[in-house]
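Reader: I have a new model open on my screen and would like to know what stands behind the words people use for it. Could you walk me through it?

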Amino acid sequence: KNFYEIREQVKSFLVHHQQHRLYHILKESEEIVKGYVSGTLLVSFVLSIIASIYFSILGLENAIVFGTLIGFLNIIPYVGQIIGTIPAALFGLMVSVWTPVYVVVGVMALNFIEGNFIKPLVFSKSIDFHPVMLLTLIIIGGQIFGVIGIIFIIPIAGIVKVICRYAFEGLKEWKQKVRD
């Protein structure tokens, strides 16, 4: 509720104490987290649309509901799409015996496309990382920290990148002062 007021108080405190660099680090970190959240929501929205169209083609009733469920449960890596696929596959039994198979295969293809093309493209634009770097980070985060690592590794890596950049700039300035 008071986010902007608190942010202005932190800014004035840091500026008053000559901590401009720390303020800029916090500001850029905030932008990275915003980019990650907005990128995640964009990917979920795109997946919702694609899944809804696919389910409509299959002839599922309530295709938009199932597509939206798939898209927004995608926020939970791996498990989300599985949870969203189950109701669509069960309702697919009312269309034909083969419809659940088509639902599962379609969601698997959508998961492949999302994980290898859509998500890296969106996050590389919103967080300023190369798509290969993003895939590598997601794999490392999943291997070390599991599902939590997959969710949080990208914004954490972005924040670490900002901190390292400012630390490197500070080190260059310090070396320049020592030389003079």
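Author: Gladly. Let us begin with Val101, which sits in helix α5. Please keep in mind that this is a predicted model.

Reader: Why is Val101 called partly exposed?

Author: Val101 has a relative accessible area of 39%. Buried means under 20% and exposed means over 50%, with partly exposed in between, so at 39% Val101 is partly exposed. As for its surroundings, the C-alpha atoms of Val101 and Ala89 are 7.5 Å apart, with their positions 12 residues apart along the chain.

Reader: What makes Val10 partly exposed?

Author: The reasoning runs along similar lines. Val10 belongs to helix α1, residues 3-16. Its relative accessibility is 37%, so Val10 counts as partly exposed. The C-alpha atom of Val10 is separated by 9.8 Å from that of Leu26, 16 residues apart along the chain.

Reader: Now a charged residue. Why does Glu30 count as buried?

Author: The cut-off for buried is under 20% relative accessible area. Glu30 has 17% relative accessibility, and therefore counts as buried. Glu30 is part of helix α2. Leaving aside residues up to four places away in sequence, Glu30 touches Phe3 and Arg7. Pro155 is 125 residues apart from Glu30 along the chain, and their C-alpha atoms are separated by 9.6 Å.

Reader: How do you know that Thr85 is buried?

Author: Its relative accessible area is 10%, so Thr85 is buried. Thr85 has its place in helix α4. Beyond residues up to four places away in sequence, Thr85 touches Ile70, Val103, Val104 and Val107.

Reader: And what makes Gly67 buried?

Author: Gly67 has a relative accessible area of 0%, so it is buried. This glycine lies in helix α3. Not counting residues up to four places away in sequence, Gly67 touches Leu47, Ser48, Ala51, Ser52 and Phe55. The C-alpha atoms of Gly67 and Ser56, 11 residues apart along the chain, are 9.2 Å from each other.

Reader: Which other residues of α3 are buried along with Gly67?

Author: The buried residues of α3 also include Ala63, Phe66, Ile70, Gly71 and Leu73. Among the elements that cover the buried residues of α3 are α2, α4 and α5.

Reader: What makes a group of residues here a nonpolar core?

Author: The members must be buried residues of the nonpolar kinds, joined through side-chain atoms within 4.5 Å. The largest such core has 16 residues, and Phe55, Leu60, Ile70, Ala88 and Val103 have the most contacts inside it. Two or more residues of this core come from each of α2 (20-58), α3 (63-73), α4 (79-92) and α5 (99-127). A second, separate core has 15 residues, including Phe123, Phe129, Leu134 and Val162. In soluble globular proteins, nonpolar side chains tend to be buried together.

Reader: Which residues does Val103 touch?

Author: Not counting residues up to four places away in sequence, Val103 touches Tyr54, Phe55, Leu58, Leu60, Thr85, Ala88 and Ala89.

Reader: What is noteworthy about the phi of Asn62?

Author: Asn62 has a positive phi of about 60°, although it is not a glycine. Most residues other than glycine have a negative phi. Asn62 lies in the loop between α2 and α3. With 47% relative accessibility, Asn62 counts as partly exposed.

Reader: Turning to the whole protein, how many helices and strands are there?

Author: There are seven helices and zero strands. From the N terminus on, the order is α-α-α-α-α-α-α.

Reader: How does the radius of gyration of the protein stand against that of a compact globule?

Author: The protein has a radius of gyration of 22 Å, whereas a compact globule of 180 residues would have one near 16 Å. The C-alpha trace spans about 80 × 35 × 25 Å along its principal axes.

Reader: What share of the residues is buried, and what does the protein expose?

Author: Buried residues make up 35% of the 180 residues. The protein exposes about 11,600 Å², of which carbon and sulfur atoms supply 72%.

Reader: Lastly, how many positive and negative side chains are there?

Author: There are 14 positive and 11 negative side chains, and the centres of the two sets lie 6 Å apart.

Key. Residues numbered from 1 in each chain as written. Predicted model: local features only at pLDDT ≥ 70, side-chain atom pairs only at ≥ 80, totals over all residues. Heavy atoms only, no water. Helix = DSSP H or I, 4+ residues; strand = E, 2+ residues; numbered from the N terminus. Rg over C-alpha atoms; globule rule 2.2 N^0.38 Å. Buried < 20%, exposed > 50% of the residue type's maximum accessible area, 1.4 Å probe, protein only. Areas by Shrake-Rupley, 256 points an atom, 1.4 Å probe, with all protein chains shown as cover. Lys, Arg positive; Asp, Glu negative; His and termini not counted. Charge placed at Lys NZ, Arg CZ, Asp CG, Glu CD. Contact = heavy atoms within 4.5 Å.
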